[in-house]
Amino acid sequence: MSVSSVFGFKESLVRVASPWLGPADTDRSPGQALPPKRPNGRGPLADYSLTKLEPEPQDGSIEYKLHLLLRPRRKYERTSTATWISGSTQSRPPPDPTSLRAGPMASGSSHSSAQTRQDRLEHLTTQLLWRLQQSCPYHAGSAAPNLVVPRLPDESLDSNAPIRLERVFPGLEASRGALYEIGVADDGTLVGLTKDELEESLRTLRIMAASLGCSVKILRTVSVGECEWIDPISAEEGQTPSERTVRHQAKLWVAEARVTPDLRPRDTEQPLTKEASPSEPPQSTNQGPLTANQLRVTLTGPTTSGKSTLLGTLSTGVLDNGRGTSRLSLLKHLHEVTSGITSSIAQELVGYNDGEVINYSSRGVESWIDIHDFTRAGRLAYILDTPGHPKFCRTTLRSLVGWAPHWTLLCIAADSSLSTPSVDAMSSPAEALGPVDPQIDLIFAHLEMCLRLRVPLVVVLTKLDLASRRDLVATLSKVLTKIKERGRTPHIVKEIAGDNNTEQLSSAKVEEVKRVLGLFHGDDDLSSVPIVLTSAVDGRGIGLLHALLQNLPLPPTPTSHDYIGAALNPEQPACLFHIEDKYSLPASSGLITSDADQQTDHGTVVAGHLRFGNMSIGDKVVVGPFPSEELPSRDPTPEDAVSGGYGLSVSPEMTRITANNVVSASTIKGEWHTATIVSLRNLRLPIHTLEAGQVGSIGIVFDKPTHLNPADAEFHAGDMPTPKIRKGMVVAVPSQHMVATGLSLQAASGLTAVFRDSTASSLTVGSFVSVYTASVKTSARVVRISKTMYEDDNSSELATEDIDDTFFGLSDETDLKNVHAVVSTQSIEENGTEVQLELLSTREWVELGSPIVILEGRDRDRSGLGVIVGKVVEITE
C-alpha cells in the first residue's frame with residue numbers, strides 16, 4: 001500500500017526494450033545515438049549480429065507469435081529456418097523420423113476445429129490487453145469488478161473491411177505499449193512467414209489493437225530464410241501428377257510491431273482513422289473518471305490535534321492504539337515518525353458506494369485504482385492532511401488556498417481545555433522546531449483563519465476518549481462562541497448510540513447527517529458549521545464523519561466567469577489548470593525499440609487542479625509564465641513609493657475591474673511555451689479527459705522552439721533543455737480570439753486587491769507581505785493603500801442550537817444555551833481597504849476577481865495564521 005504521493009510518479013517506470021537491440025543499446029544514456037538502421041526497417045538477417053532472439057519473457061510487454069492467422073497455415077515442402085519449433089502447437093516432431101523428407105515443415109492447424117475465428121480473435125485480444133497492462137505504472141488487478149473483454153468484430157469479419165478505432169480501453173492511457181515479434185517461436189527461433197501470411201497476421205494485430213483503442217507501428221521486417229510449397233491446380237485430362245501442381249518459392253520474414261494507445265483527439269471533423277468505417281458514428285471523446293462526484297477536503301488544525309491519526313483511521317479502517325499507529329502510513333519523513341509532528345502535506349482517497357466505505361480495509365483494495373473501481377458511480381473523498389505547527393504555516397496555507405478545497409475540516413482536540421497544545425512531551429526532533437509560544441492560542445488562530453477564508457467548514461473534535469466533561473464543555477463553548485461571532489450557525493451531529501460500525505453506514509447515521517445539512521440556509525454552505533465529535537481509538541463518531549463526507553454538498557461546476565462576468569473579462573482562456581506540484585519523466589521511461597539516431601522526448605508531469613474547462617489528451621496548451629528576456633528585472637524606484645496614509649476612493653471596487661488599463665492578453669515572447677498533453681490522470685486513474693474542478697496530473701511534452709533557424713535547431717536538438725516548471729504556473733488552452741490574434745495569456749507584475757477585513761488597514765506602504773492566490777505563493781511589496789466602500793448582504797440572524805444535556809455523557813449542569821450571538825439581517829455599507837501590491841520575484845498569472853490571501857511578515861498573533869482575505873480587482877502588467 002503506497003500512500004506517499006497522490007500521483008505516484010516517483011515509482012520506477014516500466015522500461016520496454018526490443019529483443020533485437022543489444023545490451024549496449026538498451027543501456028545507453030538518454031540522447032545517446034543508436035546504430036544506424038536500414039531504410040524503412042527492412043533488411044536481411046545478416047544486418048543483425050544474432051541468429052535467434054532471447055526466449056520470450058513470461059512477464060512484461062513483449063510477445064512472441066509464430067503467426068496471428070485466423071485460418072490454418074499452408075504446408076511447406078521445404079524451409080531453411082526450422083523443422084521443429086519449440087513451444088508451438090503448429091508443428092510436432094514426427095513419430096517416425098524416417099518419414100521426414102528433407103527440410104519439410106508441417107503446418108498443422110492454427111486452432112482446433114471447435115474453435116471459431118471469433119474465439120481465437122478474442123483470446124488473442126485478451127492476451128494483447130494483458131501485455132499492454134504490463135507496461136502501465138498502475139493498473140487494476142483481478143479484484144477489480146466487472147472486468148469486461150472489449151467488443152470484437154463478429155465471425156463474418158471481412159479481411160478487407162475498414163477498421164474502426166475504438167476508444168482507449170480504461171486503464172491503458174498510461175501504458176508504454178507492447179512489442180509483438182511475429183514469426184518468432186517462444187524459444188526465440190526466427191521461423192518466419194511468407195509475405196502474404198505476414199500481412200494477414202499484421203492485419204489481425206491491427207484489428208486486435210483497434211478494439212482496445214490502440215494503433216500499430218511496424219518497426220522492422222527482417223528476411224530470415226526461404227521456403228517452398230506446392231499448390232494444386234485444376235487437373236486436365238492427360239496430365240501427370242506433377243503437372244497438376246505448381247511449386248512456389250518465397251522468402252520468410254519476421255516482423256516487430258509496436259502497439260501503443262492511440263491518444264490522438266477524435267472529433268466530428270476527423271472522426272475516422274485511415275481505415276475507419278464511414279458508416280458508424282464517431283465515438284465520444286469524453287472518457288473521464290468513473291465518477292464525477294468527487295469531494296475535495298483539507299484537514300487543518302493545531303499541532304497534536306490528531307489530524308493525521310484521524311485520516312489514517314478514515315483511510316485504513318484501523319482504529320488507533322492511542323499512540324498514533326494509524327497515522328504511520330501517512331508520514332513521509334523520519335522526523336515525522338519520531339516526533340509525531342507532520343511537516344508536509346499527505347493525501348488519501350476514500351470511496352463511498354451505497355453506504356459502503358471503500359478504503360484499504362475493503363476486500364480487494366490495494367491501491368487508489370482499486371478504490372476507483374469499487375466506488376464506481378459513488379463518491380470519492382480526496383482528503384489532504386496539513387501541518388499544524390506554526391513553523392509550517394506556509395505549507396498549511398498552500399493546501400488551503402492552492403488546492404481549492406470544497407470543505408475544510410478543522411480538527412480540535414476535545415481534551416485541549418482551551419490551552420495551548422503541550423510541547424513538553426515532544427521528542428528532540430520536535431524540540432528542534434522550536435517551542436510554541438505559550439501566549440499563542442493555536443486553536444483560536446486556526447479557527448479564526450478558517451472562518452476568514454470563507455470556505456465551507458466542518459469542526460471535528462478529536463480525542464474524545466481522553467476528554468473529561470469539563471474539558472469538552474470548555475472547548476465546545478469556545479468553538480460555538482467564535483462560530484456565532486462570525487455570523488455562522490453551529491449544528492452538532494449527534495452520535496447514534498451503539499452504532500460503531502465504520503465499514504458500513506447505517507441509515508440512522510445518514511439520516512442524522514441529512515438532518516443537519518437540511519438546516520443550512522438554502523444553498524449557502526457558509527451559513528452553518530456542522531460539528532462532529534470523534535475518537536480514533538474507540539471509533540466513536542468515525543461512522544458519522546464518513547456519512548458526512550458522503551453527503552456534504554458539492555459546489556457547482558466552476559466556469560471561467562465565476563469571479564468576473566464575461567463582459568468585464570472577455571479574454572479568459574478556454575481551460576485553466578493551476579500547477580501545485582511537478583515531476584520529471586526521464587527519457588529512459590519510453591519504449592526502447594528504435595535503432596534510429598533519435599532521442600526519446602523528455603516529458604514533464606505537473607499536478608494540481610483544473611480551475612475551469614475540460615482538458616483532453618492531444619490538446620495544445622501554453623505553459624507559463626517563464627522568465628522572459630524582454631522583461632529584465634526591475635528594482636524598486638523612489639517613484640514607486642506612494643505616500644502613506646489613507647486617501648479616500650469613492651469608486652466601488654467594480655470600477656477597477658472595468659478600468660481601461662486592465663490588459664488581458666500579452667504578446668511578450670518567451671514567457672509562455674507551447675506544449676502537447678500526452679497523458680492525464682485523475683487521482684492516479686489514467687483518463688482521457690479531465691473535467692472542470694477535478695484534481696489530477698498532466699503529462700506534457702514541450703514543442704521545439706520556433707525562433708531558432710534550422711541549423712541552430714539541428715545543432716541544439718540533442719541538448720535542448722526542458723523548460724523548468726515551478727509551482728504557481730498554469731497550463732491553459734488559449735481562447736479562439738487569442739489563437740486568431742497571436743496573443744497569449746497575461747502575466748502580472750503587480751495587482752490591486754480589496755480587503756473587507758479591517759486588519760488590512762494596519763498595513764503600511766513599503767512593507768513586505770506573502771501573497772497566496774490559487775497556486776501562486778510569492779512575496780510582494782505594498783505600494784499604495786486607500787479606502788473603498790462595499791456592500792455586504794451575507795449577514796443573517798442566527799439560530800441558537802440547544803445542546804442535548806446527555807450528549808456524549810454531559811450532565812444536566814451543562815448549560816451552553818446562553819452562548820449565542822445575533823447579527824443583523826440589514827444590508828450594510830462598510831469600509832474596505834484597497835491595497836496595491838508589486839510582485840518582487842517573478843511575474844505570475846493571476847485571475848481577475850479571484851480570492852487572495854496575504855500574510856504580513858510581522859504576524860501580530862505570532863501564529864503565522866493571521867491572514868487577510870480579499871479579492872483581486874486589478875492586474876498590472
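**Buried helices and salt bridges in the predicted model**

At 0% relative accessibility, Met-449 counts as buried. The model is predicted. Met-449 belongs to helix α9. Beyond its neighbours within four places in sequence, Met-449 is in contact with Thr-300, Leu-397, Leu-400, Leu-865 and Val-867. One of these partners, Leu-397, is 52 residues away along the chain. The C-alpha atoms of Met-449 and Leu-397 are separated by 9.6 Å.

Helix α9 (442-452) is also one of the elements against which the buried residues of α10 pack. Helix α10 spans residues 469-485 and has 17 residues. From first C-alpha to last, α10 reaches 24 Å. That is close to the 24 Å expected at 1.5 Å a residue. The buried residues of α10 include Leu-472, Val-473, Leu-476, Val-479, Leu-480 and Ile-483. Polar and charged side chains are on the list too: Asp-471, Thr-475, Ser-477, Lys-482 and Lys-484 are buried. Besides α9, the packing partners of these buried residues are four strands: β12 (407-413), β13 (457-462), β14 (489-492) and β15 (528-533). After α10 comes Gly-487, with a positive phi near 85°.

Lys-482, a buried residue of α10, takes part in a network of salt bridges. The other members are Glu-448, Arg-452, Glu-485, Arg-486 and Asp-757.

Helix α12 covers residues 542-551. Nine of its 10 residues are buried, so α12 is largely enclosed by the rest of the structure. The buried residues are Ile-542, Gly-543, Leu-544, Leu-545, His-546, Ala-547, Leu-548, Leu-549 and Gln-550.

The structure holds 24 salt bridges. Side chains of opposite charge can pair when their charged atoms come close. Three pairs are described here in turn. In one, the side chains of Glu-63 and Arg-131 meet at 2.7 Å, N to O. This pair links distant parts of the chain, 68 residues apart. Glu-63 is in strand β3 (residues 62-65), and Arg-131 is in helix α2 (residues 117-133). Glu-63 has a relative accessible area of 4% and is therefore buried. Arg-131 is likewise buried, with a relative accessible area of 4%.

A second salt bridge joins the side chains of Arg-71 and Glu-200 (3.1 Å, N to O). Arg-71 lies in the loop between β3 and β4 (78-79), and Glu-200 lies in helix α3 (residues 195-211), so the pair ties together parts that are 129 residues apart in sequence. Arg-71 counts as partly exposed, at 28% relative accessibility. Glu-200 counts as partly exposed as well, at 28%.

The third pair is Glu-671 and Arg-843, whose side chains meet in a salt bridge of 2.5 Å, N to O. Here, too, distant parts of the chain are linked, 172 residues apart. Glu-671 sits in the loop between β22 (665-666) and β23 (673-682). Arg-843 sits in the loop between β32 (828-839) and β33 (851-856). Glu-671 counts as buried at 1% relative accessibility. Arg-843 counts as buried at 15%, since the cut-off for buried is under 20%.

Strand β32 also contains Glu-838. At 9% relative accessibility, Glu-838 counts as buried. The side chain of Glu-838 makes a polar contact of 2.8 Å with the side chain of Arg-781.

Two further sites involve partly exposed residues. Glu-356 lies in strand β10 (residues 356-358). Its relative accessible area is 36%, so Glu-356 is partly exposed. Leaving aside neighbours within four places in sequence, Glu-356 is in contact with Gly-351, Glu-503 and Gln-504. Glu-356 and Ser-506 are 150 residues apart in sequence. In space they are 9.2 Å apart, C-alpha to C-alpha.

The other site is a nonpolar surface patch of about 300 Å². Leu-328, Leu-334 and Val-337 make this patch. Leu-328 is in the loop between α4 (307-316) and α5 (334-339). At 46% relative accessibility, Leu-328 counts as partly exposed.

Methods:
Residues are numbered from 1 along each chain as its sequence is written. This is a predicted model: local features need pLDDT of at least 70, side-chain atom pairs count only at pLDDT 80 or more; totals for chains, interfaces and linings use all residues. Side-chain values use heavy atoms; hydrogens and water are left out. Helices (H or I, at least four residues) and strands (E, at least two) are DSSP runs, numbered from the N terminus. The expected span of a helix is 1.5 Å times one less than its number of residues. Buried means under 20% relative accessible area, exposed over 50%, partly exposed in between (1.4 Å probe, protein chains only). Contact means heavy atoms within 4.5 Å. A salt bridge is a side-chain nitrogen of Lys or Arg within 4 Å of a carboxyl oxygen of Asp or Glu. A polar contact is a pair of N or O atoms within 3.5 Å; within protein, one must be able to donate a hydrogen and the other to accept it, and residues adjacent in sequence count only if both atoms are side-chain atoms. Patches are made of residues with over 30% relative accessible area and no salt bridge: like charges are joined within 9 Å, nonpolar side chains (Val, Leu, Ile, Met, Phe, Trp, Tyr) within 5 Å. Accessible areas come from the Shrake-Rupley method with a 1.4 Å probe; for residues, only the protein chains shown count as cover.
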